[in-house]
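Please open the model in your viewer and keep the selection tool at hand. The stops below say what to select next and what is found there.

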Amino acid sequence: MARYALVSVFDKTGVVELCQRLVELGYGILSTGGTATHLRNAGLAVKDVEEHTGFPEMLDGRVKTLHPRIHAGLLALRNHPQHQESLRQHQIDPIDLVVVNLYPFTDTVSRQDATFEECIEMIDIGGPSMLRAAAKNFHGCIPLVDPADYKWVLDKLAEDSLTATDRQKLAAKVFAVTAAYDGFVADYLLRAEHTAVVSDDKSISSEFPMQFHYVAISKQSLRYGENPHQAAHFYRDLQASPASIAAAQQLQGKELSYNNIQDADAAIQILRGLDDLQTAAVVAVKHMNPCGIGLGETLEEAYARAYEADPVSIFGGIVALNRVVNRSVAEKMAELFLEIIIAPDFTSEALAVLARKKNVRLLTVDMLKPLHQPGDVTFRRVSGGLLVQEVDTFVSSPKTWRVVTHRAPSEEEWRALQFAWRTVRYVKSNAIVVANAFQTLGIGPGQTNRVGAAEIALRQAGSRAVGAVLASDAFFPMRDTVDAAASAGIAAIVQPGGSIRDAESVEAANEKQIAMVFTGERHFLH
């Protein structure tokens, strides 16, 4: 019987060199369509799959390798007498090596102009079938799905040193690739904008599937996780937004750590949550909590306010800016020790200034592209399971808020309340933010009781709390937070409302002439 390698690839990187060496090693080449033409043009002798099977391609190429002569040749156990007798009886040659990579479904889906029909046509059927068959029978058939594996496999074949462990490793990669591929297809079909094409039933878009599929590819190894004794790795979503930390371009500085990536992500999320305020904005983050946020007509003004919000905590922090960093702002930031600076871009003069701070990491992300798409979810591992939820992108309009006190907020207080409400949703619960219309003044994150968080925020604000506003991510269980706010001089409060003791908080606000509004929404962040 002949010794065959079946080669059918969309990505033709290195395939000519691979097949040239396979021929030298005694393999005959079976191939299909464009791959066969590509190899013949390089001077290689190729046998078409339809000649091998005696059956032509059909249905516009949808059916070409789905044939017993192909799959029996892949799946027959080499040491199984009945399998071998079946091959002889039906004159089927075994296939000892499969080289296949898949239609670029993810690339097609990522194109904004791609139609639903185009995406469906990019769902590969024959490729995964051949790969899975070869991988199942890895002791007898070598599966190659990654061009990065061509050279070392060829070298070992030439030396007759390819081990069972090597073959199993290649098989495992196949199942990882096909599982990811299937998961991405499932995710695409479950998204509302696509299900609407084939059904008027929109309910599927709000339902979670019976199986949760998450598809990601390796981006980089990390030195360690949250602590040096924890191993860690960074994976990137296949459809990572250009605005995300996973798509960030690093211009300078040391490699990002596990904690750097978490903090940088938090900074980007907070900054982008201020987008519709349409102003220059700067966010300083420490341990995934904002420590200072500033708005301004210019980036210089916004940075000054973010710094002044908490000049102690910003030291060693992460700073994200939503405008191009110029020399003036770069010089201010160069006065501090900062771990990371994130911006849409840096001028050449700014880069020259920051180059003196060799360890600071400079990252660029696309601040014009959306950070989240409809259907995006977050998830968290718990013992024995996974919690999955929609991304919290909902922010109600102040027009829907309800004034519950005798005094309504002034126009300036309304602006400050809106800014504070945008900010508090990114602070770990229990969360309190004290702010004016353009700057956070005090932030109380992650406390076990709400009045404790308020005391931290008010203490940090100090005398600046007089005339400022206070935002709480959830309702007040009792009036003590309002009393603390009144003692510090707070003028207005925004909170969700909904406590059985709301009346006590409203009464306390009325006693102190504090304006209070209920949003009707909460933003826990645990």
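Begin by selecting F208, F212, Y214, V377, F379 and L386, which in this predicted model form a nonpolar patch on the surface, with about 530 Å² of accessible area together. Within that selection, pick out Y214, which sits in the loop between α11 (192-198) and β6 (216-222). Y214 counts as partly exposed, because its relative accessibility is 42%.

Next, select strand β11, residues 318-321, and display its side chains. Which way do I318, V319, A320 and L321 point from the strand? I318 and A320 point one way, V319 and L321 point the other way, and all are buried. In a regular strand, side chains alternate between the two faces of the sheet.

Keep β11 selected and add strand β9 (residues 280-286), which runs antiparallel to β11 and is joined to it by 4 bridges; here V285 stands opposite I318. Then add strand β12 (residues 340-343), which pairs with β11 in the parallel sense over 3 bridges, with I341 in β12 as the bridge partner of V319. To follow the chain from β11 to β12, include helix α14 (residues 327-333), through which the chain passes in a β-α-β crossover that is right-handed.

Turn now to the charged side chains, where the structure holds 19 salt bridges. Select K173 and D149, whose side chains meet in a salt bridge at 3.0 Å, N to O. Because K173 lies in helix α10 (residues 164-190) and D149 in the loop between β5 (142-144) and α9 (150-159), the pair ties together parts that are 24 residues apart in sequence. Are these partners buried or exposed? K173 is partly exposed, with a relative accessible area of 29%, whereas D149 is buried, with a relative accessible area of 7%.

Move into helix α9 and select D155 and K151, which form a salt bridge with the closest N and O atoms 2.9 Å apart. The two residues are separated by about one helical turn, because they are 4 residues apart in the helix. D155 counts as partly exposed at 24% relative accessibility, while K151 counts as exposed at 57%. Extend this selection to R21, since R21, K151 and D155 are linked in a network of salt bridges.

Finish at helix α16 (residues 411-424), where E411 and R415 lie 4 residues apart, about one turn of the helix. Their side chains meet in a salt bridge (3.4 Å, N to O); E411 counts as exposed at 62% relative accessibility, and R415 as partly exposed at 41%.

Technical notes
Residues are numbered from 1 along each chain as its sequence is written. This is a predicted model: local features need pLDDT of at least 70, side-chain atom pairs count only at pLDDT 80 or more; totals for chains, interfaces and linings use all residues. Side-chain values use heavy atoms; hydrogens and water are left out. Patches are made of residues with over 30% relative accessible area and no salt bridge: like charges are joined within 9 Å, nonpolar side chains (Val, Leu, Ile, Met, Phe, Trp, Tyr) within 5 Å. Accessible areas come from the Shrake-Rupley method with a 1.4 Å probe; for residues, only the protein chains shown count as cover. A salt bridge is a side-chain nitrogen of Lys or Arg within 4 Å of a carboxyl oxygen of Asp or Glu. Buried means under 20% relative accessible area, exposed over 50%, partly exposed in between (1.4 Å probe, protein chains only). Two strands pair if DSSP finds at least two bridges between them. A crossover is right-handed if, with the strands pointing away from the viewer, the path from the first strand over the helix to the second runs clockwise.
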